[in-house]
Amino acid sequence: MKRTEWFSDISGTNPVFSALDTLTFDNRFVNELAADPVKENYLRQVEHSFYSRVSATPVENPELVAYSREVASLLNLEEDLIKSSEFTQVFSGNRLVQGMDPYAMCYGGHQFGNWAGQLGDGRAINLGELLNANQERWTIQLKGAGPTPYSRGADGLAVLRSSVREFLCSEAMHHLGVPTTRALSLLTTGEKVMRDMFYNGNPQLEPGAVVCRVAPSFLRFGSFQILSFRREYEELKQLVDFTIKNDFPDLEETSGESLYLKWFKQICEKTAEMIVHWMRVGFVHGVMNTDNMSILGLTIDYGPYGWLEGYDPEWTPNTTDAAGRRYCFGNQPEIAIWNLYQLANSLVPLFGETAPLEEVLKNSSEYYLRKSQAMHARKLGIQEFENSADSELMKELESILVMVETDMTLFYRALALVDSTQVSDRREQELDLFMNSYYQPEQLSTEYKNRFSQWLNQYRKRLGQDGTPNEIRRANMNSVNPVYVLRNFLAQLAIDKSEDGDHTLIEELLDVLRNPYQEQEGKEKYAEKRPEWARNRAGCSMLSCSS
Ligand code: AMP
Ligand code: MG
């Protein structure tokens, strides 16, 4: 059934007016950039244009599962409105309101290191750019609302399991202070979707869902790459100019280096800052393909991501990545730089030479290093890294953390409890502070205990030099080392319940994760380390791209 028919079904000859019709849209992307001239929704290569107009596929019985009140408030949407059937119809893709002009974006990307050609929004449909009361522009996008010209043979849909993960993690990341796309709402469609979760010949019907994502822009590195690969240099320049004007307006007013170079430098810096945050909180994206890298340095496309439990730089949550570990925790900084190199390559036609871009890239690696050191200093509770001894202290800690399975989140909270003025005869007991962060405390060897005690001695000495009083240092450390993260098993528990029709755990987790740095009474169970049953359970330790 085509959406136009559906629309007339519900509106008939008397269009339904609602509060949603009063929203203000100013769709610059479609108003200023060329559209694919083909109107029909079939798979194709889309050249010399930036997007294809497309309608969402209507769904049977949409129901609201959860929403973010913070994003609702950003968009000036009242709670009553969000709970209305009007909202459910619009944010499942069944209805449009005045000013919406839906489209899917064209982009390409390097997937696992190889150029993959055109990818594009295969299951994301942008409804429009909403202007809120503060005149801020937010692009509203439905993920899982049906096929587009970019679906490449897939169905354009999303299942509840992956949608719960995307919804919760977007908001959790925001509250952790990590740059991210946001999620307004999560709806079930009332329809079933076939998925072979582990690509092992066991397809199952799963509940379908749609998440409404919200961001200032959904442009990706791959949006620029595809134009360059196709030698569409005129369009490349148009998209860069458009992006600078709309998303980097401050740049236009500065002078000095060329505007494009300054822009690229900002992308490098924003990307580096995002990665520093991921490393701080123990987040592993899992699919850092260039089509999943936002031009604004936002965490985007929550697929087979995961959170470090036991600290392990080689850990990847993505089963597709298990063999190569390209996207494991410890590789993320390097991969970000690799991705920036690919973006730089695609921008060469704007510069005519590579030297200035190479210079920026080189500086970006150094920029990352500085930011990363500053972050580690804050995690350790010292004001800044002063010399190589501080880097050594950090390096030694990282070596110790991998000696036994140590929960990263719990460890850093315990570290804040170390007393910098403690007398030597009580130091034995200090190890007890950390017992809760070990997955197998019985495995602690004498070698481990000695090495860690030595490290603690050095650490305490360093804290002494730093001079920040215990209480202040603890508060500082606890403001960057979260107590609550969206542990993989917690998301899975919420999914299990939700698939049984009980969505309360989504609500509960969303609420706890609003204040991730603050211990909350009665919520201790959400700060606990992964239980043993979750060690090898699908969804808790292994995830695939199938979503
Ligand atoms: P990812 O790397 O998982 O973000 O996705 C890579 C590409 O596959 C993007 O172009 C997505 O839009 C597309 N894609 C992923 N899942 C689906 C789906 N179920 N239907 C259509 N396209 C999809
Ligand atoms: Mg993607």
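This report looks at how two domains of the model meet and at what sits around ligand 1.

The model is predicted, so to speak plainly about confidence: local features need pLDDT of at least 70, side-chain atom pairs count only at pLDDT 80 or more, and totals for chains, interfaces and linings use all residues. Residues are numbered from 1 along each chain as its sequence is written, chains are lettered from A and ligands numbered from 1 in written order, and side-chain values use heavy atoms, with hydrogens and water left out.

**Domains 2 and 3**

The domain assignment (automatic or from a database) splits the protein into domain 1 (8-221), domain 2 (243-378), domain 3 (384-467) and domain 4 (488-534). Taken over C-alpha atoms, the centres of domain 2 and domain 3 are 30 Å apart. Their contact (heavy atoms within 4.5 Å) draws on 13 residues from domain 2 and 12 residues from domain 3.

Together the two bury about 990 Å², with 66% of that on carbon and sulfur atoms; buried area here is the accessible area (1.4 Å probe) lost on putting two parts together, summed over both. What about polar links across the interface of domain 2 and domain 3: how many residue pairs are in polar contact? The rule finds three, both residues at pLDDT 80 or more. A polar contact is a pair of N or O atoms within 3.5 Å; within protein, one must be able to donate a hydrogen and the other to accept it, and residues adjacent in sequence count only if both atoms are side-chain atoms. On the domain 2 side, helix 10 (259-281) and helix 12 (355-380) each bring at least two residues that touch domain 3. Those helices are DSSP runs (H or I, at least four residues), numbered from the N terminus.

**Ligand 1**

Ligand 1 has 17 residues around it (a heavy atom within 4 Å), the closest being Gly120, Gly122, Arg152, Asp155 and Gly156.

| Residue atom | Ligand 1 atom | Distance |
|---|---|---|
| Gly122, backbone N or O | oxygen | 2.8 Å |
| Arg123, polar side-chain | nitrogen | 3.3 Å |
| Arg152, polar side-chain | oxygen | 2.7 Å |
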